[in-house]
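Please open the structure in your viewer and keep the sequence panel beside it, so that you can select residues by number as the tour goes on.

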Amino acid sequence: MIKAVAFDLDGTLVHSLPDLAWAANAMRRQLGLAAVSEATVGQWIGNGIKKLVERACAELGEPANALALFESAYESHLAVDSTLLADAIAVLAELEARGFKLALVTNKATRFAVPLVRELGLEPYFEHLLCGDTLAAKKPDPLPLIWLCQQWHIAPGELMLVGDSKNDIQAAQGAGCVSVGLTGGYNYGEDIGLCHPDFIIDSLAQLKTLGALQQRYS
């Protein structure tokens with residue numbers, strides 16, 4: 001029986017690509033590189049900002065100032081065009097009302113994740129906010145999920161992770177948790193089904209009727 005649900009952030013609860021793309025192109029212009037499309041930047045998302053920056057300026061071999069340029073740009077444009085995915089708040093509110101413990105597990109650094117979560121009204125729903133720099137390892141490492149199980153005194157099979165990328169699914173599989181893959185997110189252009197999650201959903205609203213969540217925890 002599922003007792004807790006953890007959610008990824010970018011591409012799962014929030015469409016953050018517009019602001020990430022803006023920051024990536026601001027950095028690229030300062031480095032003398034041409035702007036790229038949002039779709040291209042979308043394929044660079046998934047392992048945290050440092051990896052995104054490495055991919056965004058690979059032509060130059062990642063200049064020493066690239067990360068600082070990106071972080072400065074992104075901090076100034078963090079929640080300008082980012083929006084919640086459809087039904088994000090409704091699903092979190094319903095799961096909370098039904099007694100599930102909720103957590104956020106993102107690879108985004110705390111300095112960016114927390115302000116974004118607060119700005120979009122997500123923070124009140126989560127008992128724990130685990131960011132990319134909260135613990136010694138981040139997804140696809142299973143450590144954040146193992147940590148949650150320990151904090152909540154639940155078995156791995158009682159925790160479900162909902163995410164849009166292979167990093168989420170691999171973390172859940174490594175921890176022995178139930179995995180839900182959301183299509184249409186940021187998964188390097190790959191079909192989330194190739195990661196073999198336990199469940200595949202096309203919208204967050206489908207979580208409301210997912211069989212694994214039908215038995216209320218109390």
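The tour begins with the whole chain and then visits individual residues.

**The whole chain**

Keep in mind from the start that this is a predicted model. With the full chain in cartoon view, you can look for eight helices and eight strands. The radius of gyration is 17 Å, close to the 17 Å that the globule rule gives for 218 residues, so the chain is as compact as a globular protein of that length. If you turn the view along the principal axes, the C-alpha atoms fill a box of roughly 55 × 30 × 30 Å.

Switching to a surface view brings up the exposed area of about 9000 Å², of which carbon and sulfur atoms supply 51%. Of the 218 residues, 52% count as buried. Among the contacts in the chain with a separation of 6 or more, 66% are accounted for by residues 24 or more positions apart. If you colour by charge, there are 16 positive and 25 negative charges to find, and the mean positions of the two sets are 3 Å apart.

**Asp-168, in a helix**

Select residues 166–175, which form helix α8, and pick out Asp-168 within that helix. Is Asp-168 buried or exposed? Asp-168 has a relative accessible area of 1% and is therefore buried, the cut-off being under 20%. Display the side chain of Asp-168 and follow it to the backbone nitrogen of Asp-164, which it reaches at 3.1 Å. Once neighbours within four places in sequence are set aside, the residues in contact with Asp-168 are Asp-8, Lys-139, Leu-161 and Gly-163.

**Lys-139, Pro-140 and Ala-136**

From Lys-139, one of those contacts of Asp-168, step on to Pro-140: the peptide bond from Lys-139 to Pro-140 is cis, with omega near 15°. Most peptide bonds, by contrast, are trans. Pro-140 sits in the loop between β5 and α7, and Ala-136 is also found in the loop between β5 (128–130) and α7. Ala-136 is exposed, with a relative accessible area of 80%. To see how far Ala-136 lies from Gln-206, draw a distance between their C-alpha atoms, which are separated by 33 Å and belong to residues 70 positions apart along the chain.

**The loop between α7 and β6**

Next, select the loop that runs between α7 (143–152) and β6 (159–163), and centre the view on Glu-158. At 18% relative accessibility, Glu-158 counts as buried, because the value falls under the 20% cut-off. Which residues are in contact with Glu-158, leaving aside its neighbours within four places in sequence? They are Met-1, Ile-2, Lys-3 and Ala-4. The side chain of Glu-158 reaches the backbone nitrogen of Ala-155 at 2.8 Å, while the C-alpha atoms of Glu-158 and Leu-148, ten residues apart in sequence, are 11 Å apart in space.

His-153 has its place in the loop between α7 and β6 as well, and at 72% relative accessibility this residue counts as exposed. The backbone of His-153 deserves a look, since most residues other than glycine have a negative phi. Phi of His-153 is near 55°, a positive value.

**Asp-87, a last stop**

Finally, go to the loop between β3 (83–84) and α5 (88–97) and select Asp-87. Phi of Asp-87 is near 70°, again a positive value in a residue other than glycine. With a relative accessible area of 36%, Asp-87 is partly exposed.

Note on methods: Residues numbered from 1 in each chain as written. Heavy atoms only, no water. Helix = DSSP H or I, 4+ residues; strand = E, 2+ residues; numbered from the N terminus. Rg over C-alpha atoms; globule rule 2.2 N^0.38 Å. Buried < 20%, exposed > 50% of the residue type's maximum accessible area, 1.4 Å probe, protein only. Contact = heavy atoms within 4.5 Å. Areas by Shrake-Rupley, 256 points an atom, 1.4 Å probe, with all protein chains shown as cover. Lys, Arg positive; Asp, Glu negative; His and termini not counted. Charge placed at Lys NZ, Arg CZ, Asp CG, Glu CD. Polar contact = N/O pair within 3.5 Å; in protein donor to acceptor, adjacent residues only side chain to side chain.
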